[in-house]
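Here are a few exercises to work through with the model open beside you. Try each task before reading its solution.

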Amino acid sequence: MNKKVALISGLVIVGLIGTMLVFSNKGKEEVSKDASEVIKVEHALGTTDVAENPQKIVVFDYAALDAMEVLEIEGVVGVSKGSSIPDYLSKYEGEEYANVGALKEPDLEKINELDPDLIIINGRQHSFYDKLNEIAPTISMAKEDGKYMQDFTHNMEVLGDIFDKEEKVDEELAKINSKIEDINKEVAKNEYDATTLMVSDGALSVFGADSRFGLIYNNLGFKNSDENVKSSDHGQDVSFEYVASQDSDYIFVIDKSVISTDKEQKPAQEILNNELVNNSKAAKNDNIVYLDTHSWYLSDGGFISTNNMLDEINKVISK
């Protein structure tokens with residue numbers, strides 16, 4: 001073969017290969033881009049494909065709403081309104097946000113009208129999951145009892161992935177973990193123990209490390225005054241005599257009258273104001289702590305609520 005012809009042929013072949021490589025790489029980029037447009041979200045009820053940066057979001061979970069405020073995420077079109085919404089999220093009571101029903105009874109027709117790209121729920125809406133998921137991709141931000149920080153961290157990272165806010169999420173988590181470390185050191189140094197109560201219309205229930213309030217024991221370092229507390233969604237029923245017998249350094253109280261629609265319900269502070277409780281070590285040292293019910297019970301698991309929770313504990317152990 002003529003050397004000149006051979007050279008030209010070689011250049012042509014190289015050019016063809018180069019062209020093939022360019023098209024091949026371009027194809028890979030498109031596949032990668034397409035793949036990144038959908039996030040596989042693992043949550044309490046399974047795995048759901050969610051499009052990145054959804055534009056219309058319905059939110060039942062106040063913790064998610066709380067976090068979205070901090071992350072400056074827009075696009076909320078509907079929320080569950082009512083007496084249970086925390087004061088610091090009161091802007092969502094505005095007319096620009098549709099009311100999508102009660103926490104335990106979503107308004108499916110209204111949600112369908114909104115045509116959302118994403119629905120965020122928690123455990124209170126689990127029985128409606130299949131119906132909601134038919135309307136739009138639905139994810140649950142429910143947390144497993146006794147695993148507050150693990151599930152809180154996961155949920156915040158999920159929001160970061162969906163809305164391209166990973167760096168901001170990392171920054172906020174670092175602040176919270178630093179607070180936890182400081183509180184834990186102080187608690188461990190003083191070997192504090194605690195009893196965690198919920199007071200609801202005169203009924204008392206106690207919660208342990210495997211409960212929704214396990215953060216107090218598992219992460220903040222308090223020793224549970226009663227290591228035998230039975231794990232239950234609503235706590236273990238106890239009496240005033242039980243509370244007095246624990247003789248804890250701290251008694252942490254969640255007062256459900258704060259969020260009750262029954263205005264006749266007595267506040268926890270009035271119910272616990274009796275001789276048995278007042279003779280306890282915690283009472284004598286002014287260490288009965290009435291926690292913010294919204295942060296600990298309704299919107300727990302958001303950035304604002306978790307910071308509120310930690311600041312409350314830090315304040316009482318630092319006085």
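**Exercise 1. The chain as a whole**

How many helices and how many strands does the chain have? Then look at burial, contacts and surface.

*Solution.* Keep in mind that this is a predicted model. Start by counting elements: there are 13 helices and 15 strands. Next, take burial: 46% of the 319 residues count as buried. Then turn to contacts with a separation of 6 or more: 60% of them join residues 24 or more positions apart. Finally, the accessible surface is about 16500 Å², and carbon and sulfur atoms hold 47% of that.

**Exercise 2. The pair α6 and α13**

Describe how α6 packs on α13: what are the angle and the distance between their axes?

*Solution.* Two packed helices are described by the angle between their axes and the distance between the axes. Step one is to find the partners, α6 at residues 166-190 and α13 at residues 303-317. Their axes lie 10 Å apart, at an angle of about 20°. Step two is to classify that angle: under 35 degrees counts as roughly parallel, and α6 and α13 are therefore roughly parallel to each other. Step three is the handedness, and α6 passes α13 in a left-handed crossing.

Step four is to list who meets whom. From α6 come Val 169, Glu 172, Leu 173, Ile 176, Lys 179, Ile 180, Ile 183, Glu 186 and Val 187. From α13 come Phe 303, Thr 306, Asn 307, Leu 310, Asp 311, Ile 313, Asn 314 and Ile 317. Sorted by class, this contact has ten nonpolar, three polar and four charged residues. To follow the spacing in these lists, recall that an α-helix has 3.6 residues a turn, so residues three or four places apart point the same way.

**Exercise 3. A covered helix**

Which residues of α2 are buried, and what do they pack against?

*Solution.* First, locate α2 at residues 62-70; seven of its nine residues are buried. These are Tyr 62, Ala 63, Ala 64, Leu 65, Asp 66, Ala 67 and Met 68. Next, look around them: they pack against the strands β3, β4 and β8 and the helices α5, α12 and α13. After α2 comes Glu 72, which has a positive phi near 55°.

Now take α13 alone as a partner. The axes of α2 and α13 come within 6 Å and cross at roughly 95°, which makes α2 roughly perpendicular to α13. Asp 66, Ala 67, Glu 69 and Val 70 of α2 make this contact with Phe 303, Ile 304 and Ser 305 of α13. By class, there are four nonpolar, one polar and two charged residues in the contact of α2 with α13.

**Exercise 4. Two loop residues**

Are Asp 300 and Phe 128 buried or exposed?

*Solution.* The cut-off to apply is under 20% relative accessible area for buried. Asp 300, in the loop between α12 and α13, has 6% and is therefore buried. Beyond its neighbours up to four places away in sequence, Asp 300 touches Ala 63, Lys 143, Tyr 148, Arg 212, His 294, Ser 295, Ser 305 and Met 309.

Phe 128 sits in the loop between β8 and α4. With a relative accessible area of 17%, Phe 128 is buried too. Leaving out neighbours within four places in sequence, Phe 128 is in contact with Lys 104, Glu 105 and Pro 106. The C-alpha atoms of Phe 128 and Pro 106 are 7.7 Å apart, although 22 residues separate the two in sequence.

Note on methods. Residues are numbered from 1 along each chain as its sequence is written. This is a predicted model: local features need pLDDT of at least 70, side-chain atom pairs count only at pLDDT 80 or more; totals for chains, interfaces and linings use all residues. Side-chain values use heavy atoms; hydrogens and water are left out. Helices (H or I, at least four residues) and strands (E, at least two) are DSSP runs, numbered from the N terminus. Buried means under 20% relative accessible area, exposed over 50%, partly exposed in between (1.4 Å probe, protein chains only). Contact means heavy atoms within 4.5 Å. Accessible areas come from the Shrake-Rupley method with a 1.4 Å probe; for residues, only the protein chains shown count as cover. Axes are lines fitted to C-alpha atoms, for helices over the stretch in contact, and angles run from 0 to 180 degrees between N-to-C directions. Angles under 35 degrees count as roughly parallel, over 145 as roughly antiparallel, 65 to 115 as roughly perpendicular and the rest as oblique. A crossing is left-handed if the near helix is turned anticlockwise from the far one by less than a right angle, and right-handed if clockwise. Ala, Val, Leu, Ile, Met, Phe, Trp, Tyr, Cys and Pro count as nonpolar, Asp, Glu, Lys and Arg as charged, and the others, Gly among them, as polar.
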